[in-house]
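Work through the two exercises below with the structure open beside you, and try each task before you read its solution.

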Amino acid sequence: MSMISCLPVSDPDCSGLDRARAMIAAWQLDKAWIGGEWRGADSREEIVVINPATGKKIGAVPFLRTSETRRAIDAADAAFAGWAGLLASERAGFLKRWRDLMIDHQEDLACLITAEQGKPIDQARREVVGAIAYAEWYGEEARRAYGQTMPANQPDRRVIVQKHPVGVVAAITPWNFPLTMVVRKCAPALAAGCTVIVKPAEDTPLSALAVAKLAEMAGFPKGVFNVVTGQPGPIGEALTGDVRVRMLSFTGSTAIGKRLMVQCAETVKKLSMELGGNAPFIVFDDADIDAAVAGAMISKYRNAGQTCVCANRILVQDGVYDAFVAKFIAASLAQKTGDGFDAQTDIGPLINARAISKVERLITDAVAHGGVLHTASNIPDQGFFIAPTVITGLSTDAACFNEELFAPVAPIYRFATEADAIHLANHVKTGLSSYIYSRDIGRIHRVADALDVGVVGINDGTTSHEGAPFGGVKESGQGREGGHWGLEEYLEVKYLNIAL
Ligand code: NAP
């Protein structure tokens with residue numbers, strides 16, 4: 001096992017983008033991490049990584065396909081028995097070193113996130129803190145994969161229930177939290193004794209490769225942690241089609257999630273699916289309106305509206321509709337859109353040109369359904385930016401009632417009664433996150449009970465907690481990440497029936 005060593009860290013006084021560039025060069029984040037080696041594509045092809053705030057290249061990673069993915073599966077499969085056979089406290093030690101290295105490189109990691117994903121640097125710093133929290137939690141949780149004994153059904157029998165790691169895990173992650181999504185899956189999987197192959201999103205592979213660099217520095221044995229970058233279809237087919245991969249942990253869109261579930265059916269893999277959301281943000285007449293506006297601002301505009309828990313439908317009761325709308329529009333139009341490295345920026349770019357086209361389509365459709373636009377001005381003329389936009393007066397037939405906007409665009413709908421709010425909130429295919437603003441404790445419990453979702457924020461626009469069970473119902477997926485629930489996903493149950 002290698003000792004912790006520090007890689008060159010860039011000058012703390014240089015700009016954030018320079019710091020990210022220096023890190024990409026010093027850490028050589030242009031290769032995939034397979035079987036404890038940094039490797040290029042067999043074809044030598046690359047994917048160019050773009051800074052979405054400028055549209056300019058910041059790096060390039062290998063464009064891998066099937067053959068390289070099979071090598072990663074070979075490596076993860078070969079490493080599994082040794083890793084699963086370690087003491088839980090030994091695996092915890094690797095996770096703790098990994099966590100410590102993330103702490104040592106917090107600012108570098110934050111700059112890398114902003115450079116490839118675009119979010120404001122303060123939000124990137126909070127993302128790094130989140131990743132560290134997951135690594136820390138599962139470093140501790142590794143020791144708590146407890147089994148059970150249970151009363152036998154005959155006097156000379158004993159029954160013991162054990163937990164075992166699932167095996168080789170494929171982890172496919174999205175671009176919106178390029179660091180945390182990798183750590184939130186890999187930390188519990190590694191703690192449980194699984195080996196992992198990560199396929200990060202094409203738009204943001206650099207954070208995953210940085211995590212692999214830190215895993216190398218932390219001394220994880222060869223093949224325990226692998227990162228393959230490249231073409232999603234062939235990599236996904238290689239991972240889902242191989243019987244040695246025993247589990248798929250996926251975070252991404254519902255459409256791709258469904259496709260991967262079908263692909264996994266052939267080998268009956270265990271699944272953990274964190275899919276799309278369409279969060280209702282419900283403001284009742286008895287709410288503290290200023291608190292509701294503040295919560296809606298955070299929930300809607302964090303990461304330029306590109307989170308699965310962002311308020312996608314703001315539902316406001318008749319009695320406070322006008323007051324809420326006036327304050328929310330004023331606050332929205334005051335947001336500054338710009339480069340995430342600019343300390344004044346509230347809202348960064350969208351991830352790519354496709355995301356801009358999608359939201360433009362949804363805005364046009366909302367106007368066709370009666371929507372009135374309240375749009376901020378002054379957005380940068382380069383990069384993938386869209387101005388914060390509030391839409392009022394649109395009907396619930398608009399496409400954005402059922403589709404994730406994933407943009408700083410906030411449709412507001414009016415409702416009359418508590419029953420109407422519940423009906424509107426649940427009248428979609430997904431059920432991930434939701435928000436209730438009210439000061440009536442009875443109403444809060446009634447509505448929280450009635451919502452078909454996995455997470456309810458009550459008088460709070462943020463809900464993240466590494467120890468809580470995050471996940472959705474209906475087409476938002478299955479399984480939970482965070483806390484002991486997150487560890488259980490990567491464990492199989494086996495019981496021993498013993499005749500004395
Ligand atoms: P996406 O298009 O579904 O992509 C997610 C991942 O799947 C990426 O790594 C992507 O690779 C990969 N992928 C695409 N096609 C594939 C295929 N045929 N086989 C295997 N892998 C494939 O989603 P996204 O646009 O990155 O992320 C946004 C979505 O994620 C939203 O719907 C959001 O709500 C959801 N999300 C959910 C959660 C949650 O916890 N529930 C958290 C964050 C995001 P490429 O990038 O290379 O295409």
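**Exercise 1.** In this predicted model, find which helix gives the largest share of the lining of the largest pocket, and then describe that pocket's centre, its other contributors and the classes of its residues.

*Solution.* Begin with the helix: α9 supplies 7 residues, which is the largest share of the lining of the largest pocket. Next, consider the pocket as a whole, which holds about 1,400 Å³ of space and is lined by 47 residues, with Trp 175, Gly 252, Ser 253, Thr 254 and Ile 256 lying nearest its centre. Besides α9 (254–265), the elements that give two or more residues to this lining are α6 (180–192), α8 (232–241), β10 (245–251) and α12 (353–368). Finally, sort the lining of the largest pocket by class, which gives 17 nonpolar, 16 polar and 14 charged residues.

**Exercise 2.** Describe the second largest pocket in the same order, asking which element gives the most to its lining.

*Solution.* The element to look for is α5, which gives the most to the lining of the second largest pocket, with 7 residues. The space in this pocket comes to about 810 Å³, and of the 34 residues that line it, Phe 177, Arg 302, Thr 462, Thr 463 and Ser 464 are nearest the centre. Two or more residues of the lining come from each of α5 (121–141), α6 and α10 (289–301). As a last step, divide the lining of the second largest pocket by class, and you obtain 15 nonpolar, 12 polar and 7 charged residues.

How values were computed: Residues are numbered from 1 along each chain as its sequence is written. This is a predicted model: local features need pLDDT of at least 70, side-chain atom pairs count only at pLDDT 80 or more; totals for chains, interfaces and linings use all residues. Side-chain values use heavy atoms; hydrogens and water are left out. On a 1 Å grid over the protein atoms alone, a cavity is a set of points where a 1.4 Å probe fits but cannot get out, and a pocket is an open set with protein on both sides within 12 Å along at least five of seven lines; lining residues have an atom within 4 Å of a point. Grid points are joined across faces, edges and corners, and a volume is the space filled by probe spheres set on the points. Helices (H or I, at least four residues) and strands (E, at least two) are DSSP runs, numbered from the N terminus. Ala, Val, Leu, Ile, Met, Phe, Trp, Tyr, Cys and Pro count as nonpolar, Asp, Glu, Lys and Arg as charged, and the others, Gly among them, as polar.
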